[in-house]
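Ready to practise reading helices in a protein model? Have a look at the sequence and structure first, then work through the exercises.

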Amino acid sequence: MKTVLIASDSYKGAATAAEVCHAIATGIHRADPSIVVHQLPLADGGEGTVETVLAARGGQRVTATVTGVFPGDTVRASYALLTETTAVIEMAATAGLPLAAGHLDPGATTTRGVGELIRHAIESGATELLIGAGGSATHDLGLGAAWALGARFYTAEGEDFIPTGSRLRELDRVDVSAVADTLGSARLQVLCDIDNPLTGPQGATAIFAPQKGATDRQLIDLEAGMVHAEAVIARDTGVSVAQLPGAAAAGGLAAGLASVAGASVVSGIATLLDLLAFEDQLADCDVVLTGEGRLDGQSLSGKVPVGVARATRTVAARTGRAIPVIALAGALGDELEDLYAEGLTAVFPIGSGPQSLQAAIRQTTDDLTRESENLFRLLRRVGTIGVPQASQ
C-alpha cells in the first residue's frame, strides 16, 4: 500500500482547492482503492487563503463590516484568527475582483477595507498578521489600507485625502507618525504569489492593471501616479520600495504596507506551507500531486505547484528519499523545462479535447477525476504505487 498527498491550488473560476483535491482523490481511488490519499487544499495568498488555513489548522473565523472595493461601499468580510495572536487576512475579501464585477475601474477602487480588517485583527489581540495579496481589483499603492492604519496623505493645497489609483499624482506629503501607535507590537507579512517590482514594464500597471479593466489611456495615468506617489513616500518615510520584489502585488498593496507600516513581503506559498506543517505531511508520502488552472512562466514567481515542488525537493534531498511531484493543470505554457528544473517531475493537462473556455470550466472536476484515474492506472500497472496490476 502506498500514500499520496494531494496539495493543490484552486482552478480559478472553475473549482475551489478543496473541490480540486476531492476530484483528484476520486480518480485515484477509482484506479486503486488501496492507495491512502491525504488532501491538503492550498492557496498562495489569493482567494481561498483564509478557508485553506481554517480547514487545515482550525481557529476562529472573525467577521467585520468594513469598506468595500469602492469608497462608500461596505462589505462583511472575514479573516482567520488561528491563535490569540496570529491572524490571516485575505485582501480579496474586501477588495477582490469579483466585488467590482460589472464596474471594473482600477483608478477608483480602494484598499481601505483591507486596512480596516488589519486594524480589527490588531484590536482583537493579533500581533502576527499574514496578509494575502492576490485577486485584487485595486491600484492605489495600498494607501487606502495605510490610511486606515493611521497614515495621512495631503495634496499640495493641504487637503487630507485617501488616494485611489486615479489620484496618486495628487499626493504631495505623507505623515506616518500615527501608524506606530496603531500597530503597537504587531508585525505584518504580505503574502505574494509574484515577484514583480512596483513600476516599469514588469510592474503593477503594465502587467496587472489591464486585467482590472484599465484602458490604454488609464495605463499611462496609473503608471505616472505610481511613480510619483512612490517617490513622495520614499522622500517622507526614507523607505523606497520601487524595486522591491513583489511590490506590485495587489495593485501595490505590498509596496504601500512595506513603506508605511514596515511590513515584510514574502512568498505566500512558502509561508503557508510552513504554517501548515507541509514537511510533516511528507513523512510517509510516496507521490505528491499538485496543480492550478494554468502552469506557465508566471508559476515560477511563487504559485502553488512550484512552491510545492520546491518544498518537496528540499525534503527529498535532506532525507535521501525520491518523492515525485506531478502537476495537473487546465492549460500549459511553453516553459515546461523551467518548471521541471524547479522540481516538478511531470506535468499533464486535463483537457479532453478542443473546447470552449466555458465548457472546460464546467468539466473541470470531471476532467481532473478522469486524468488522475488514468495516471494512477498507469502507475499501478508498472508497480510504482498501489497494488501492482497483473498483466492481462
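Here are three exercises on helices, each with a worked solution.

This is a predicted model, in which local features need pLDDT of at least 70, side-chain atom pairs count only at pLDDT 80 or more, and totals for chains, interfaces and linings use all residues. Residues are numbered from 1 along each chain as its sequence is written, and side-chain values use heavy atoms, with hydrogens and water left out.

**Exercise 1.** Describe how helix α1 (residues 17–31) crosses helix α15 (residues 364–381).

*Solution.* Start with the axes (lines fitted to C-alpha atoms over the stretch in contact, with angles from 0 to 180 degrees between N-to-C directions). The two axes come within 7 Å and cross at roughly 40 degrees. Therefore α1 is oblique to α15; angles under 35 degrees count as roughly parallel, over 145 as roughly antiparallel, 65 to 115 as roughly perpendicular and the rest as oblique.

**Exercise 2.** Find which residues of helix α2 (residues 49–57) are buried and what they pack against.

*Solution.* First, buried means under 20% relative accessible area (1.4 Å probe, protein chains only). Thr49, Val50, Thr52, Val53 and Leu54 are buried in α2. Next, these buried residues pack against β3 (60–67), β4 (74–81), β5 (86–90) and α10 (268–275). Finally, just after α2, Gly58 has a positive phi of about 75 degrees.

**Exercise 3.** Work out how covered helix α9 (residues 249–261) is, and look just past its end.

*Solution.* Count the buried residues: 13 of 13 in α9, which is mostly covered. Then step on to Gly262, just after α9, where phi is positive at about 70 degrees.

Notes: Helix = DSSP H or I, 4+ residues; strand = E, 2+ residues; numbered from the N terminus. Buried < 20%, exposed > 50% of the residue type's maximum accessible area, 1.4 Å probe, protein only. Contact = heavy atoms within 4.5 Å.
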